[in-house]
Amino acid sequence: MSALPELYFRIRDNGAAVFRLDAENRDRRLEMDQIAIVNTNRGDFKAQGDHRLSAEETAAIEDWTEKRMARLADRTLDDIHRAVDHLNLTAHWAQTKASDQALEEVTDDLLLAMHDLRSVLVRKKADRIGQDN
């Protein structure tokens, strides 16, 4: 069995709770002491309670935060690519398989969502073109 890492990161909505693992106690039980909170929205972290983070803990948390934020960015981009696939599948469904009742149920919501998306994309594209000039 491989050795346990020194820190464990419990994922939460906007980051993680960081725990120091201790299996070298007299009861030989795994103990988890929370030492920090990571916020991936802001890309920062803070010590929990009275705990003072060591240089090693700080470096490990910074490394984990950087890797986690990169993974989340990759997942977001993958989700967007999947959304494009779903839009294409939805167009095919609407053209070939959808009943009038099904189209009536989703048309307004789809049109509003696509209008909103188009507006954002056109504005962002214009901003990027304006920055290039």
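This passage walks through a nonpolar core, a buried glutamate, a pair of helices and a loop residue in a predicted model.

A good place to begin is the interior. In soluble globular proteins, nonpolar side chains tend to be buried together. In this model the largest nonpolar core is made up of 9 residues, namely Leu7, Phe9, Ala16, Val18, Ile35, Ala36, Val38, Ile61 and Trp64. Four elements each give two or more residues to this core: strand S1 (7-12), strand S2 (15-22), strand S3 (31-39) and helix H1. The largest share, 3 residues, is contributed by S3. Ile61, one of the core residues, shows how these parts meet. Leaving aside residues up to four places away in sequence, Ile61 touches Leu7, Phe9, Val18, Ala36 and Val38, and also Phe45 and Leu53.

Helix H1 spans residues 55-96, and Glu57 lies within this helix. Glu57 has a relative accessible area of 4%, which is under the 20% limit, and is therefore classed as buried. The side chain of Glu57 is joined to that of His51 by a polar contact of 2.9 Å. Beyond residues up to four places away in sequence, the residues touched by Glu57 are Leu7, Arg20, Ile35, His51 and Arg52. Of these neighbours, Leu7 and Ile35 also appear in the largest nonpolar core.

The next feature is the pairing of H1 with a second helix. Two packed helices are described by the angle between their axes and the distance between the axes. For H1 and helix H2 (residues 100-132), the axes come within 12 Å and cross at roughly 145°. The crossing is left-handed. On the H1 side the contact is made by Leu87, Thr90, Trp93 and Ala94, while H2 supplies Ala102, Leu103, Val106, Leu110 and Met114. By residue class, the contact between H1 and H2 comprises 8 nonpolar residues, 1 polar residue and no charged ones.

Finally, the loop between S2 and S3 offers a residue to look at on its own, Leu30. How buried or exposed is Leu30? Its relative accessible area is 48%, and Leu30 is therefore partly exposed, as this value falls between the limits of 20% and 50%. Leu30 touches Leu4, Leu21, Asp22 and Ala23, when residues up to four places away in sequence are not counted. For the pair Leu30 and Leu4, the separation is 26 residues in sequence and 9.8 Å in space, taken from C-alpha to C-alpha.

Technical notes:
Residues numbered from 1 in each chain as written. Predicted model: local features only at pLDDT ≥ 70, side-chain atom pairs only at ≥ 80, totals over all residues. Heavy atoms only, no water. Buried < 20%, exposed > 50% of the residue type's maximum accessible area, 1.4 Å probe, protein only. Polar contact = N/O pair within 3.5 Å; in protein donor to acceptor, adjacent residues only side chain to side chain. Contact = heavy atoms within 4.5 Å. Axes fitted to C-alpha atoms, helices over the stretch in contact; angles between N-to-C directions. Left-handed = near helix turned anticlockwise from the far one by under 90°. Nonpolar A, V, L, I, M, F, W, Y, C, P; charged D, E, K, R; others polar. Core = buried A, V, L, I, M, F, W, Y, C linked by side-chain atoms within 4.5 Å.
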